[in-house]
Amino acid sequence: MVKLPECNRCQLYAHDPHLVCAVHPIGVEGNRCPDFEIDPLLEPEEVWQPEAASYYNGELIMQPKRYSTQLQRLDLLDLHPIFTGRCPSCEIPILQTHPHRVHWDCSTCNWKDDLL
């Protein structure tokens with residue numbers, strides 16, 4: 001019996017130790033099933049990520065050490081000019097430029113962007 005890894009998520013899966021599914025009782029030949037249909041009643045797969053890491057385009061990226069906790073990362077979203085468009089120190093607008101800014105330093109109060 002040839003059962004593929006995606007069989008457990010298929011709408012046609014038999015959930016039986018002796019059958020794979022109603023269409024292919026002993027499984028399929030090869031590594032792909034032409035009749036695979038995702039079961040809409042399944043719980044979505046949990047996307048787990050370790051603390052101090054995030055997934056971007058399916059790749060696990062480790063966060064810089066100084067922004068390692070969830071609270072620190074949320075503070076960054078609330079305060080950094082790349083997200084707010086203003087200096088976190090004096091609230092003066094810091095506009096995006098073209099080509100895009102790399103450093104978001106404030107010329108008014110001399111706040112320095114030490115994100116990188």
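Author: Before we start, contact here means that heavy atoms lie within 4.5 Å. This is a predicted model, in which local features need pLDDT of at least 70 and side-chain atom pairs count only at pLDDT 80 or more, while totals for chains, interfaces and linings use all residues. Residues are numbered from 1 along each chain as its sequence is written, and side-chain values use heavy atoms, with hydrogens and water left out.

Reader: OK, so which residues is Cys10 in contact with, leaving aside its neighbours within four places in sequence?

Author: With those neighbours set aside, Cys10 is in contact with Asp35, Phe36, Glu37 and Asp39.

Reader: And which residues make up the largest nonpolar core?

Author: That core has 8 residues, namely Leu4, Cys7, Cys10, Tyr13, Val20, Cys21, Val28 and Cys33. A nonpolar core is a set of buried Ala, Val, Leu, Ile, Met, Phe, Trp, Tyr and Cys residues joined through side-chain atoms within 4.5 Å, and buried means under 20% relative accessible area, exposed over 50%, and partly exposed in between (1.4 Å probe, protein chains only).

Reader: How many disulfides does a search of the whole structure find?

Author: The search finds 0 disulfides, a disulfide being a pair of cysteine sulfur atoms within 2.5 Å.

Reader: Why is there no bond from the sulfur of Cys21 to the closest cysteine sulfur?

Author: The closest cysteine sulfur, in Cys33, is 5.9 Å from that of Cys21, which is too far for a bond. Cys21 itself is buried, with a relative accessible area of 9%.

Reader: What about Cys109, how far away is the nearest cysteine sulfur?

Author: It is 3.6 Å away and belongs to Cys87, and Cys109 is in no disulfide. Cys109 is partly exposed, at 30% relative accessible area.

Reader: Switching topic, which side chains meet in a salt bridge?

Author: Those of Arg86 and Glu91 do, at 2.4 Å from N to O, where a salt bridge is a side-chain nitrogen of Lys or Arg within 4 Å of a carboxyl oxygen of Asp or Glu. By this rule the count comes to 1. Arg86 is partly exposed, at 33% relative accessibility, and Glu91 is partly exposed too, at 44%.

Reader: What is phi of Glu91 near?

Author: Phi of Glu91 is near 70°, a positive value in a residue other than glycine. His15, also not a glycine, has a positive phi of about 55°, and His15 is exposed, with a relative accessible area of 58%.

Reader: Last one, which peptide bond is cis?

Author: The bond from His98 to Pro99 is cis, with omega near 0°.
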